[in-house]
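Q: Could you take a close look at the nonpolar core of this model for me? I would also like to hear about a buried and an exposed spot to set beside it.

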Amino acid sequence: MERFKPFSGNTIGLILALSLLVPLVIAPYLFNGRTGPMGFPWVFISAVISQFLVLMVCIYVAVFLWKEKREGGP
Amino acid sequence: MNPTTVVIFVLYLAALLVIGLVVGRRRIRTPTDYFLAGRKVGPVALLFTLAATNFSAFFFFGFAGASFKIGYGYYGIMAVGTSLMALSFFFIGRRVWRAGKRFGLITPPELFSVRYGSPMVRYVTLCAFVLFTIPYIATQITGGGIALESLTDKAVPYELGAMLVTFVISAYLLFGGMRSDIITDILQGAVMLVAALAGLGFVASGLGGLQRANEAALSNAPELFSFPGGGGFITIQIWFSYLVLWMMCDPLFPHIFQRFYIARSEKALRFSMVAYPVVTMALFAFPVMVGVWGHASAGFSGAPDGILPFMVKENSPSLLYGLVMAGGFAALMSTADSQLLVLSSMLTRDLCKTLFKGKLLRGRELKLGRLLVLLIAGIGLVIALLDLGSIFDILTRTTFTGLAVLFPATIAALYWKRSTAWGVASSILVGEVFYFTTFFLQEKGIMDGSWTFGFLPAIPVVLLSTMVLISVSVLTRPPGKKRVDEFFKAVENGPSQ
């Protein structure tokens, strides 16, 4: 039987936490009101960055956690 | 009224109709063919249909309107939360797909029925899914009416536009079911993508480039460039609430849930999970930026939801305006058709088929499904023609929270062997009753919103549902071991090939 451990290891939790922390903490409190490249505010840029982190989590899950049974397997 | 935009729009609707009718008519013999496209949907088509289905009229018109009021922080609320929802393809979608394949499931309530062997759970989940989907269909039709009225400078009144949208959707669904739905979703998804990217380029160019557009908006509305945004909307609690809300409620939309069944393989679902955040990242920027840039352009005085059509019209050639409005239409139609189909499947199989038991033959099941598509479309249209408030309010305050209540029940069904039918039913009923009670008390001014401690109501309501589910499950008898073992063998190992 496949063992399901979606949160096994620290990596996924760390990346998820980072993705939330970037916009949650850094942008509002450290860079709040400031603008970055091409006049975009950091609340926007940090959200884009956090989306890349979400993407990394998805790739991690797809590669390491999502195991399929082979054709003809149990 | 610009004839170019109208011609583009008419061609677009005609193309939808023709593609939906011609391609969708092939090989529909069973309910699985009609409602699930035979469970043979590949990775790219699955990605398109998931995205097109999830991104509704609210995505085009509501996002821009909210960003016009709240600012750039709104992008984080919507896009990051929606991207996180992709993980539910793994946590929920994979097990739902496996159960669907093993037990031949077609509708969301059937999963609960098979898991617990309880008609009660089936009916309770059915009620919740139906209750919160019909108003949502009406919202899409409302968006269609608004868009057509704007596109034609009110030459086509709102009511007529809403009827036209309803007619086109119903027509191609009647013939092709899910297959037509998916094929039109691919077309609609492509139109949305092209319209969003081209629209963004033209609006930015019309305002003198990204830098100048941002600088002009910043000077006119500086609060939109920082937290907590316009109106002090984005507090920490609200930010957290939205991130969690999309994770909890999006996969529980019955039209999204049903799409977990249609995948040809787990590979298709896995591909969609990885690609979904990329699509979200690209698509969501358009309405948010254009909404904020609405403050860089003088002359807008309408309701916030009209800012996107206004900006595109002001800054783009009429050809592109037609395309962007078609993109908005694509967003709402691709959601509404999926909702119609899933509602039809649920009412056919979870209500009519269980009530009439063996009397409803397979051939009749298809006919009934098609009839219900028409009936539900009519109900959605009638609701849309009533004045029900802004898109944002309706969606956020009832549908999303109402469906999020089903999240603990779904997780329990898929992961917690000890959960019981009574626990699941109680968690849904208590959650919904509590939510509606507080909602109406607040509407009447009898109580204020302080009981949520600044969070969206979905957070405390889902916590309550979870506690009820655990408590009642512990106190009641679980389903038989054989049933539980068979279900978990299927969802943990996958169906036998």
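**The core and two contrasting spots**

A: Happy to. In this predicted model, the largest nonpolar core has 185 residues, and those with the most contacts inside it are Tyr72(B), Leu111(B) and Trp293(B). Helix α15(B) gives this core its largest share, 18 residues. Apart from it lies another core, of five residues, including Val405(B), Tyr435(B), Phe439(B) and Val461(B).

Tyr72(B) is a good place to zoom in. Leaving aside residues up to four places away in sequence, Tyr72(B) touches Phe40(A), Pro41(A), Val43(A) and Phe44(A) in chain A, among others. Within chain B, its contacts are Asn214(B), Leu224(B), Phe225(B), Val288(B), Met289(B), Val292(B) and Trp293(B). As general background, nonpolar side chains in soluble globular proteins tend to be buried together.

Now for the buried spot. Helix α15 of chain B spans residues 318-356, and Thr348(B) has its place there. Thr348(B) counts as buried because its relative accessibility is 0%, under the 20% limit. Its side chain reaches the backbone oxygen of Ser344(B) at 2.6 Å.

For the exposed spot, turn to chain A, where Phe64(A) lies in helix α2, residues 42-65. With a relative accessible area of 53%, Phe64(A) is over the 50% limit and therefore exposed. Together with Ile59(A) and Val63(A), Phe64(A) forms a nonpolar patch on the surface, and the three share about 290 Å² of accessible area.

Methods:
Residues numbered from 1 in each chain as written. Chains lettered and ligands numbered in written order. Predicted model: local features only at pLDDT ≥ 70, side-chain atom pairs only at ≥ 80, totals over all residues. Heavy atoms only, no water. Patch = residues over 30% accessible without salt bridge, like charges linked within 9 Å, V, L, I, M, F, W, Y side chains within 5 Å. Areas by Shrake-Rupley, 256 points an atom, 1.4 Å probe, with all protein chains shown as cover. Salt bridge = Lys/Arg side-chain N within 4 Å of Asp/Glu carboxyl O. Helix = DSSP H or I, 4+ residues; strand = E, 2+ residues; numbered from the N terminus. Buried < 20%, exposed > 50% of the residue type's maximum accessible area, 1.4 Å probe, protein only. Polar contact = N/O pair within 3.5 Å; in protein donor to acceptor, adjacent residues only side chain to side chain. Core = buried A, V, L, I, M, F, W, Y, C linked by side-chain atoms within 4.5 Å. Contact = heavy atoms within 4.5 Å.
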